[in-house]
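Trainee: Could you take me through one part of this model up close? I'd like to follow a single piece slowly and then see what else is worth a look.

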2 protein chains.
Amino acid sequence: MIVMETTADIAPEQACPISPVVDLVFSRWTTPILWTLNEYGRHRFVELERRITTISPKVLTQRLRQLERDGLVSRTYHAEVPPRVEYAITDLGRSLAPLFASIADWSVNLGKVDRARQDYDAARPTG
Amino acid sequence: MIVMETTADIAPEQACPISPVVDLVFSRWTTPILWTLNEYGRHRFVELERRITTISPKVLTQRLRQLERDGLVSRTYHAEVPPRVEYAITDLGRSLAPLFASIADWSVNLGKVDRARQDYDAARPTG
DNA sequence: GACAGTAGGTACCTAGAGGAAAGCGGCATG
DNA sequence: CATGCCGCTTTCCTCTAGGTACCTACTGTC
């Protein structure tokens, strides 16, 4: 039996169609990795490490594996000595570019956010 | 003294200009809240709770406070019995709409992600 | 023989986010 | 008199993401 509600049926998890993409692309650490590879091209492991200074090698590996599995990043192993591995963004990853662009566009509003925070805090001085 | 590097100076935290916006808008639970308010208009606390079924009241309160402080959501208290509180998206929050739209657009690629995962897993059967 | 450099793997540990459950205030309704 | 509604708040507890530190194989170089 199907029950119709005023607000339409509610999806099981959360009625928010963009969440899957957000989980994929904007979970912790994935954004700077994808953005870097998209903006500056292929990188070796240590190059990424040096660019995203605060990431630990363990987590960098985890995220790169995940992004590779998701088809957003490609990994190329060169059997040299010392070994060399290059990470690059795939076509699928590159298709995120307009998305990154619209986020970058919105960042002009960060000043308004700052002001809103100041107003909010000023209105509640002693919590 | 300013040192020029080949890849330009590296920002202190992470050389990724979109991270601030991502932290603001796409941290855990904020996305479905903002998306819901943007898509379906003002909601009461319990309405949000019922729509985003898996969120706990504690976290919902936390996120709403944070979004209110950031100027993305407005809170209106009606001193009735029982009390009524309405949350709505602000103009600043509404300005995120194109961003949400570009994410929704990209979600057509989720199928490719699924296929990439299958390929990846198929190529590594026993870990 | 020691050390460096690369791309990680692994074991251990901690901090903090988030879940569960209960309470509160004020009134209305049974 | 109890119960329920609403919008939280508080306390307690768990769980896991992530950090630290150390390890590997392989070779060249001092």
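Mentor: Let's start with helix H2 of chain A, which covers residues 30-40. Eight of its 11 residues are buried, so the helix is largely enclosed by the rest of the structure. Bear in mind that this is a predicted model. Now find the buried residues: Thr30(A), Thr31(A), Pro32(A), Ile33(A), Leu34(A), Trp35(A), Thr36(A) and Leu37(A). Once you step just past H2(A), you hit Gly41(A), whose phi is positive, at about 80°.

Now swing over to DNA strand D. It has 20 residues around it, and the closest are Lys58(A), Arg63(A), Thr61(B), Arg75(B) and Tyr87(B). Sort the residues of that surface by kind and you get nine nonpolar, three polar and eight charged. On the DNA side, look at the atoms of strand D within 4 Å of the protein: 67% belong to sugar or phosphate, and the rest to bases.

Let's zoom in on chain B for some individual contacts. Tyr87(B) puts a polar side-chain atom 2.4 Å from a phosphate oxygen of strand D. With Val46(B), a backbone N or O atom sits 3.3 Å from a phosphate oxygen of that strand. Pro83(B) also uses a backbone N or O atom, this time 3.0 Å from a sugar or linking oxygen of strand D. As for the elements giving two or more residues to this surface, chain A has helix H4 (57-69), while chain B has helix H3 (45-51), helix H4 (57-69) and strand E3 (84-89).

Note on methods:
Residues are numbered from 1 along each chain as its sequence is written. Chains are lettered from A and ligands numbered from 1 in the order in which they are written. This is a predicted model: local features need pLDDT of at least 70, side-chain atom pairs count only at pLDDT 80 or more; totals for chains, interfaces and linings use all residues. Side-chain values use heavy atoms; hydrogens and water are left out. A residue is near a molecule or strand if one of its heavy atoms lies within 4 Å of it. A polar contact is a pair of N or O atoms within 3.5 Å; within protein, one must be able to donate a hydrogen and the other to accept it, and residues adjacent in sequence count only if both atoms are side-chain atoms. Helices (H or I, at least four residues) and strands (E, at least two) are DSSP runs, numbered from the N terminus. Ala, Val, Leu, Ile, Met, Phe, Trp, Tyr, Cys and Pro count as nonpolar, Asp, Glu, Lys and Arg as charged, and the others, Gly among them, as polar. Buried means under 20% relative accessible area, exposed over 50%, partly exposed in between (1.4 Å probe, protein chains only).
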